[in-house]
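Colleague: Got a minute to go through this one with me? I'd like to know what stands behind the labels.

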Amino acid sequence: RDLVHAAFTWSLAVETARQGGSVAVVAPAADRDTPLWSSPRPGPGEPELVYCPAEGLSDLRRTASTLAESRSRTARQGGIVFTRVPPRWLDDRGDRPDPIRWVLTFSSPRREDATSTFERIERLVQDRPGLEVGVTIHGVRRIAEARDAFDELARRCEERLGLSLASYGLLTDDLDVYRAIAAGRSITETRPDSPAARALTDVARLIYEDARSRVLG
């Protein structure tokens, strides 16, 4: 929904590809008219950006499933198809059967952002039994700050929703993130030695290892 989160997602896709995964990012065709996504550079080992003429979650699911099936024939080390879901589509109760089973969301430790993230998760879990939700905390200066923010969010999810929240690490927000956005490249490409790039490598590894341990139908 915003440039920073899209930059994180694309950078995670790039880093997952560097770790050997077969990676694509599926986004609604309406995203073409926005500055959300970097300009991909086609080539072996690079993520593929696929625009889908989607009008709802089921359209995105079909495109992502087709990509996953075709890539699985040649992907020796597995991979991930990231899918960008417009937040407003999460409230569409007419789009069934619901395709969402595994979700990654981002949250900063700021109180208003954490509250917004909880409300988004609350909408997600409604009528979606068995949904798995993971959170990456961003915009932190210290590991303890990320840990406290996640613990508080996880406590609210457990007490109020009965949901066990999964942690997918932390990301730092610093000048390197905005430089990458301005350059239209991933953070690990523009500043590979920065704290932000190193954090992204760790988060990508967590997500990739989790993805390789499961099969989503």
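Modeller: Sure, and keep in mind that this is a predicted model. Let's start with the second largest pocket, which holds about 200 Å³ of space.

Colleague: What makes Thr115 and Arg156 part of the lining of that pocket?

Modeller: A lining residue needs an atom within 4 Å of a pocket point. Thr115 and Arg156 are on the list, along with Pro109, Arg110, Arg111, Ala114, Ala149, Glu152 and Leu153. Helices α3 (111-125) and α4 (143-161) each supply at least two of the lining residues, and α4 gives the most, with four. By type, the lining splits into four nonpolar, one polar and four charged residues.

Colleague: Why is α1 called roughly perpendicular to α5?

Modeller: Angles of 65 to 115 degrees count as roughly perpendicular. Helix α1 (residues 3-18) packs on helix α5 (residues 175-183) at about 85 degrees, with the axes 10 Å apart, so α1 is roughly perpendicular to α5. Leu3, Val4, Ala7 and Phe8 of α1 meet Val177, Tyr178 and Ile181 of α5. That contact has seven nonpolar residues, no polar and no charged ones.

Colleague: How do you know that β4 pairs with β5?

Modeller: Pairing takes at least two bridges. Six bridges join β4 to β5 (residues 132-138), and the two run parallel, so they pass that cut-off. Within the pair, Trp102 stands opposite Glu132.

Colleague: And what makes β4 and β6 edge strands?

Modeller: The open, parallel sheet runs β4-β5-β6. β4 (102-107) and β6 (166-171) each pair on one side only. The twist averages 20 degrees from one strand to the next.

Terms used
Residues are numbered from 1 along each chain as its sequence is written. This is a predicted model: local features need pLDDT of at least 70, side-chain atom pairs count only at pLDDT 80 or more; totals for chains, interfaces and linings use all residues. Side-chain values use heavy atoms; hydrogens and water are left out. On a 1 Å grid over the protein atoms alone, a cavity is a set of points where a 1.4 Å probe fits but cannot get out, and a pocket is an open set with protein on both sides within 12 Å along at least five of seven lines; lining residues have an atom within 4 Å of a point. Grid points are joined across faces, edges and corners, and a volume is the space filled by probe spheres set on the points. Ala, Val, Leu, Ile, Met, Phe, Trp, Tyr, Cys and Pro count as nonpolar, Asp, Glu, Lys and Arg as charged, and the others, Gly among them, as polar. Axes are lines fitted to C-alpha atoms, for helices over the stretch in contact, and angles run from 0 to 180 degrees between N-to-C directions. Angles under 35 degrees count as roughly parallel, over 145 as roughly antiparallel, 65 to 115 as roughly perpendicular and the rest as oblique. Contact means heavy atoms within 4.5 Å.
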